[in-house]
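Welcome, and thanks for taking a look at this one with us. Below is a short tour in bullet points, arranged by topic.

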2 protein chains.
Amino acid sequence: MLSSLKTLVFGRAIANRDARSEKFGVLRGVAAIGLDGLSSVAYGPEAMLTILAGTGLAGLNVQIGIAVAIVLLLTALYFSYLQTIGAYPSNGGAYVVASDNLGSYAGPLAAAALMIDYLLTVAVGISSGIGALISAVPSLHPYTLSLCLIVLMGLTLVNLRGTGESSTFLAIPTYLFIGSIGAMLAVAVAHAWASGGHPVPVDPPPPLPPATQTVGIWLLLRAFASGCTAMTGVEAVSNGVNSFREPKVPTARRTLTVIVVTLGVFLLALAVSTRAFDVMAMDQTQPGYQSVLSQLTAAVFGRGWAYYITIAAVLAVLCLSANTSYVGFPRLCETVAKDGYLPGEFAIPGRRLVYSAGIVFLTLGAGALLIGFDGVTDRLIPLFAVGAFLSFTLSQVGMAVHWRRKLRASQTGQTTAAPNERKRTLVRLFVNGFGALATGIALAIIIVGKFTEGAWIVIIAIPVTLMFLRAAKRFNVEVDRRLLSGCQAQIDVRDHTAPIVIVPIRRWDLLARKAVEYALRLSPDVTALHVTKTQGPDVRERIGRLKQNWQKYVEAPVLQNGLRPPRLEIVQSEYRSLLTPILDAVKSIGERDPHRPLLVVLPELVEENWWGYLMHTHREARLRTKLLQYGGPRISVVSVPWQLKPQTPDEGLQAENS
Amino acid sequence: MLSSLKTLVFGRAIANRDARSEKFGVLRGVAAIGLDGLSSVAYGPEAMLTILAGTGLAGLNVQIGIAVAIVLLLTALYFSYLQTIGAYPSNGGAYVVASDNLGSYAGPLAAAALMIDYLLTVAVGISSGIGALISAVPSLHPYTLSLCLIVLMGLTLVNLRGTGESSTFLAIPTYLFIGSIGAMLAVAVAHAWASGGHPVPVDPPPPLPPATQTVGIWLLLRAFASGCTAMTGVEAVSNGVNSFREPKVPTARRTLTVIVVTLGVFLLALAVSTRAFDVMAMDQTQPGYQSVLSQLTAAVFGRGWAYYITIAAVLAVLCLSANTSYVGFPRLCETVAKDGYLPGEFAIPGRRLVYSAGIVFLTLGAGALLIGFDGVTDRLIPLFAVGAFLSFTLSQVGMAVHWRRKLRASQTGQTTAAPNERKRTLVRLFVNGFGALATGIALAIIIVGKFTEGAWIVIIAIPVTLMFLRAAKRFNVEVDRRLLSGCQAQIDVRDHTAPIVIVPIRRWDLLARKAVEYALRLSPDVTALHVTKTQGPDVRERIGRLKQNWQKYVEAPVLQNGLRPPRLEIVQSEYRSLLTPILDAVKSIGERDPHRPLLVVLPELVEENWWGYLMHTHREARLRTKLLQYGGPRISVVSVPWQLKPQTPDEGLQAENS
């Protein structure tokens with residue numbers, strides 16, 4: 001019925017066999033999978049500078065040191081993930097690694113952290129993308145939140161259609177981003193070098209705000225915590241090793257290398273350039289806001305075509321990084337739902353092979369975050385880092401346990417490993433152990449440094465989500481137990497008499513006719529029910545006419561064919577709703593023979609086009625839902641479809657024959 | 001299933017007999033019905049001043065003249081509506097008056113104008129309420145749109161619960177508003193008088209912006225057009241004469257008099273006071289925004305408790321005026337839907353006797369307006385006036401035609417009216433004719449003056465809505481014609497064999513058991529369908545087990561009872577969705593006997609609590625919808641309810657007996 005509208009908006013339904021996924025080489029892998037990690041360049045350094053904004057020139061000096069610390073942490077993470085790729089060559093996501101190695105709490109804990117991380121990737125991607133846009137077009141500043149919500153709606157529609165995301169489509173903005181930001185940073189660093197540290201900007205950034213704070217350890221920790229958001233997204237390669245071309249492990253590793261090296265070089269160059277050009281973060285809530293990248297690009301290139309291309313690439317890549325969550329989140333939910341930790345609805349692919357429940361949930365969550373934090377990136381950043389680093393840490397700890405088990409197995413002689421192999425495993429244990437320690441310390445810094453700024457929300461949300469996941473698991477296990485418990489017995493066919501059939505009719509029309517004819521096929525015991533609202537002369541006349549029609553068009557032909565004629569019952573009701581009187585009448589009819597089930601026949605108008613679907617009242621569909629809900633186990637409902645379109649001659653003939 | 005969550009959020013279902021409406025006297029009538037009209041004081045004058053903001057002191061002088069013109073127009077409208085109340089003592093809304101007197105286009109045209117007017121009342125009420133709030137608490141300025149959307153959500157929830165809005169509840173903020181604004185204006189005018197026109201403000205308003213424009217005729221017309229929004233809502237009394245205590249016509253007229261006199265006095269006093277205190281409108285998009293009422297109240301009272309009480313009353317009254325649309329809009333939709341101009345869904349009361357479809361539609365529309373115009377009142381005003389004045393004009397023209405018909409009837413002698421009565425009708429014709437002319441001219445000014453500022457959107461939206469309403473009418477007439485056309489004939493009972501019954505089963509569990517037992521009651525021809533996805537050793541083993549169970553638990557007992565045993569069919573499918581393979585299999589089973597209908601049995605898990613409802617997959621419900629949608633007229637579906645809760649001993653006994 002809704003089909004043509006649905007096809008228009010969401011596209012044609014897709015068969016399973018069409019769901020072939022393409023395989024990436026390094027170049028396409030960087031575009032499709034690296035996008036999320038690389039785009040962090042657009043908000044991570046800015047988040048760090050925001051914390052330092054009150055310290056003036058001193059802040060611009062220390063940020064280079066913080067950037068070096070972040071790149072070192074990134075390096076540790078890089079070596080850790082190289083190993084994860086080797087050990088889990090199909091899917092090494094934090095959820096899988098934690099479930100495999102860390103017992104029944106860690107899996108759902110990682111899932112909770114990842115789910116919150118996905119929500120925030122969407123919110124931060126969109127808000128910082130719009131931040132780039134309003135830097136280029138300042139008159140849009142008052143519309144920040146509206147623009148964020150419009151982008152969110154667009155992403156939702158595109159993903160309900162199913163992305164069929166070709167890596168070619170993603171490659172253009174990604175490489176435009178790498179190319180333009182890379183060129184801008186190269187020019188900036190070259191100028192800084194040539195001018196001895198003080199290049200002349202083409203379009204000077206706003207003057208540094210006066211230094212009102214001094215740089216202390218507490219401020220450094222907070223700046224580091226904010227800057228860590230630059231590392232979000234680097235785990236993506238390990239989640240999807242399966243998507244790479246054979247030999248997939250080396251291809252995935254090369255891809256990760258390209259991503260991490262690019263990201264690290266960008267972060268360092270950006271730190272040096274902002275120092276050289278005196279670029280400081282500004283307040284996004286104030287009109288005239290310019291993102292750090294926008295200020296720097298204008299200073300290096302001026303506000304010509306090169307500036308606008310760079311900003312367009314930043315906007316595109318950030319929106320697409322939000323899009324990667326729309327691909328990843330529903331898939332994570334599917335995996336988690338198949339393990340029983342989420343309602344089964346999340347594991348059911350829709351007509352375009354997308355998991356609609358996950359997409360809708362992601363949109364609602366990200367929309368709430370955007371509205372709650374008014375579309376301002378800076379307010380979302382404290383929440384963002386916690387989920388990401390919790391999943392990093394769980395994944396690293398999981399890997400460390402993985403290697404330790406391997407080591408023990410070889411010690412107890414369960415496997416006959418060469419001494420060389422043992423040594424290699426020890427090194428691996430060390431690398432992942434170090435990764436776990438480093439990310440764990442970073443996580444602790446983030447929680448402490450960002451607690452009052454919003455991290456507390458995530459600290460509450462993660463255990464709440466975890467509780468929900470575990471409760472869902474218990475529920476699913478219990479349902480299965482009950483459904484399977486009593487079934488190992490012969491079915492009961494001693495009594496197989498037809499049910500008592502009841503047909504609610506509103507007036508004598510084609511719907512009533514079809515329903516009565518159908519009811520007579522199902523049972524010899526048929527009662528039609530007519531519910532009328534109030535008394536009055538017009539009501540009496542209408543009922544008289546209905547009774548006359550009933551006698552003439554129903555009773556007469558049934559008697560002629562020697563069958564028991566169906567009865568017509570009139571029920572009066574003071575309720576506006578139909579449910580209560582029908583339910584009462586059905587139950588009182590059922591009392592005549594308490595051992596037989598009751599079956600209500602409801603003709604349902606089925607429409608071919610969405611227009612007709614919207615026009616109808618769906619009174620019958622609602623009545624069916626409520627009869628099933630409140631009627632108890634004895635009342636079943638049969639829905640007989642009825643189409644409004646005129647019969648074709650063929651169908652008319654068939655109807656004659658039957 | 002969802003019942004307990006629903007009860008929590010939306011309240012208990014209400015029976016028809018509980019829907020007694022209370023009757024108002026004048027005092028309560030002013031509160032419950034006058035609220036909308038009186039609250040216009042908070043945005044109408046401000047909208048006028050916004051147009052004049054660039055003209056400085058000259059603008060503050062001419063605005064008094066414009067206010068006088070608006071009050072004169074209000075007076076004309078007042079006398080017109082006094083007559084409407086007498087002529088239509090049950091419901092004299094513009095839709096009814098236009099439908100009655102102006103032919104088949106005018107009714108839906110008035111409905112379209114009113115519907116758009118209701119949408120804008122919600123949007124403007126909320127946005128100017130939040131405008132008052134951010135005047136008092138400037139730090140909330142960046143959250144303007146978020147706050148608007150939160151209020152909108154709150155109103156939606158309250159109204160889906162059903163308002164049961166007692167006039168007592170409304171009386172407190174309304175009289176607080178009348179009292180505090182009245183006191184403030186009285187003090188302001190008294191100070192102005194005593195000081196010879198230049199009183200000293202307690203808390204001075206921001207300095208007047210420099211005059212960059214001169215006052216011309218075009219500016220005056222645009223200011224008048226914006227100021228006319230101060231009159232919106234005065235039609236409310238004529239819509240609801242039925243709600244007044246007997247004798248209802250005089251009571252309603254007295255109420256209207258109180259409302260109009262209060263509104264007129266407020267508008268004039270406000271014009272004089274803003275002139276005296278040099279208060280000019282400010283730009284709501286800029287931080288530091290202060291509404292006109294906030295500036296004036298601070299100038300008169302200072303920013304003490306009197307200021308905060310006044311602003312709180314303004315905020316409350318504006319939000320409640322948005323609430324009146326939530327009462328009026330669904331009722332209008334119900335009337336229009338009963339006439340066939342809207343889908344029937346709008347005429348179906350929900351479980352709490354509210355018309356949920358209308359409420360949801362209103363929220364979506366007002367939400368889109370708020371997001372599209374960023375929650376800024378000033379941008380919504382140009383759209384607002386068009387719908388309101390179009391419905392004023394249609395209502396007045398309708399009344400004029402009404403009196404002319406009466407006059408003609410008395411001329412042609414159809415009624416024997418006294419000459420006195422004739423004269424009175426002539427006066428009435430004149431009054432409503434003048435009202436029509438005045439509001440018509442105002443409408444023309446509004447359309448011309450506001451066209452480029454946004455009125456064009458409404459100029460497009462009204463005919464589009466009108467087309468939709470008329471198309472809906474045609475559709476409804478056609479459906480009725482088809483449903484009634486072929487029914488005057490005897491039902492066909494020559495063939496009443498049972499349908500072929502098909503039971504899709506996923507595995508052998510209690511659901512499958514119950515479905516098979518039920519199927520055997522309906523027909524001797526039962527086939528169970530098992531759809532399996534891929535081939536492989538585990539699949540083969542699972543199918544083997546299923547066949548074994550089938551033989552042991554189904555075939556054996558059926559054969560023992562001397563019945564025809566149901567068959568088990570295994571269908572392989574490469575689709576992820578179940579629909580296509582099941583549909584194909586059902587159709588191929590149907591080919592065995594092309595004259596019999598097909599009936600698919602689907603056991604449906606029914607949950608008592610919302611938690612369980614959310615947990616289940618609803619796979620069967622979705623399958624049922626799709627079978628009905630794509631299966632053609634031959635395939636019906638029976639839903640057999642199955643509850644998860646453990647059986648009570650009684651039910652167990654009953655199951656034993658049956």
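## Around Tyr518(A)

Tyr518(A) sits in helix H17 of chain A, which covers residues 510–522. Please keep in mind that this is a predicted model. With 22 helices and five strands in chain A, there is plenty to explore, and the notes below pick out a few places.

- Tyr518(A) counts as buried because its relative accessibility is 7%.
- Its contacts beyond four places in sequence include both chains: Val638(A) and Val640(A) on one hand, and Pro499(B), Pro597(B), Leu598(B), Leu599(B) and Ser636(B) on the other.
- Tyr518(A) and Val638(A) are 120 residues apart along the chain, and their C-alpha atoms are separated by 9.9 Å.

## Strand E5 and its partners

Val638(A), one of the contacts of Tyr518(A), also leads us to the strand pairing between the chains.

- Val638(A) stands opposite Val638(B), which belongs to E5(B).
- Strand E5 of chain A (residues 635–643) pairs with E5(B) in the antiparallel sense, over three bridges.
- On the chain B side, strand E4 (residues 598–606) pairs with E5(B) in the parallel sense, and here there are nine bridges.
- Within that part of chain B, Leu598(B) has Ile635(B) of E5(B) as its bridge partner.
- Leu598(B) and Ser636(B) are also among the residues that Tyr518(A) touches.
- How many of the nine residues of E5(B) are buried? Nine of the nine are, so the strand is largely enclosed by the rest of the structure.
- Both faces of E5(B) are covered: one side carries the buried residues Ile635(B), Val637(B), Ser639(B), Pro641(B) and Gln643(B), and the other carries Ser636(B), Val638(B), Val640(B) and Trp642(B), also buried.

## Helix H18 of chain A

- Helix H18 of chain A (residues 537–560) has 24 residues, and from its first C-alpha to its last it reaches 34 Å, close to the 34 Å expected at 1.5 Å a residue.
- H18(A) nevertheless has a bend of about 35 degrees, located at Gln551(A).
- The buried residues of H18(A) are Val539(A), Ile543(A), Leu546(A), Asn549(A), Trp550(A), Tyr553(A), Val554(A), Pro557(A) and Val558(A).
- What do these buried residues pack against? Their partners in chain A are H17, strand E2 (526–532) and strand E3 (567–572).
- H17 of chain A is the helix that holds Tyr518(A).
- After H18(A) comes Gly562(A), which has a positive phi, near 70 degrees.

## Thr439(A) and its neighbours

- Thr439(A) is found in helix H16 of chain A, which runs over residues 419–485.
- Is Thr439(A) buried or exposed? It counts as buried because its relative accessibility is 1%.
- The side chain of Thr439(A) makes a polar contact of 3.5 Å with the side chain of Thr393(A).
- Leaving aside residues up to four places away in sequence, Thr439(A) touches Leu73(A), Leu77(A), Phe389(A), Phe392(A), Thr393(A) and Gln396(A).
- Two of these contacts, Phe389(A) and Phe392(A), are linked with Tyr81(A) by ring pairs into a cluster.

## Aromatic pairs

- Over all chains, the structure holds 20 aromatic pairs.
- One is formed by Phe329(B) and Phe361(B): the ring centres are 6.1 Å apart and the planes are at 5 degrees, so the pair is stacked.
- This pair links distant parts of the chain, with Phe329(B) in helix H13 of chain B (residues 305–338) and Phe361(B) in helix H14 of chain B (residues 356–372), 32 residues apart.
- Phe329(B) is buried, with a relative accessible area of 0%, whereas Phe361(B) is partly exposed at 42%.
- Trp508(B) and Tyr553(B) also form a stacked aromatic pair, at 6.3 Å centre to centre and with 15 degrees between the planes.
- Trp508(B) lies in the loop between strand E1 (500–504) and helix H17 (510–522) of chain B, and Tyr553(B) lies in helix H18 of chain B (residues 537–560), so the pair ties together parts that are 45 residues apart in sequence.
- Trp508(B) counts as buried at 5% relative accessibility, and Tyr553(B) counts as buried at 8%.

## Chain A overall

- Chain A has 658 residues, of which 55% count as buried.
- Among contacts in chain A between residues at least 6 apart in sequence, 81% join residues at least 24 apart.

How values were computed: Residues numbered from 1 in each chain as written. Chains lettered and ligands numbered in written order. Predicted model: local features only at pLDDT ≥ 70, side-chain atom pairs only at ≥ 80, totals over all residues. Heavy atoms only, no water. Helix = DSSP H or I, 4+ residues; strand = E, 2+ residues; numbered from the N terminus. Buried < 20%, exposed > 50% of the residue type's maximum accessible area, 1.4 Å probe, protein only. Polar contact = N/O pair within 3.5 Å; in protein donor to acceptor, adjacent residues only side chain to side chain. Contact = heavy atoms within 4.5 Å. Expected span 1.5 Å × (residues − 1). Bend = angle between axes of the 7 residues up to and from the residue. Pairing = 2+ DSSP bridges. Phe/Tyr/Trp six-rings, centres within 6.5 Å; stacked < 30°, edge-to-face > 60°.
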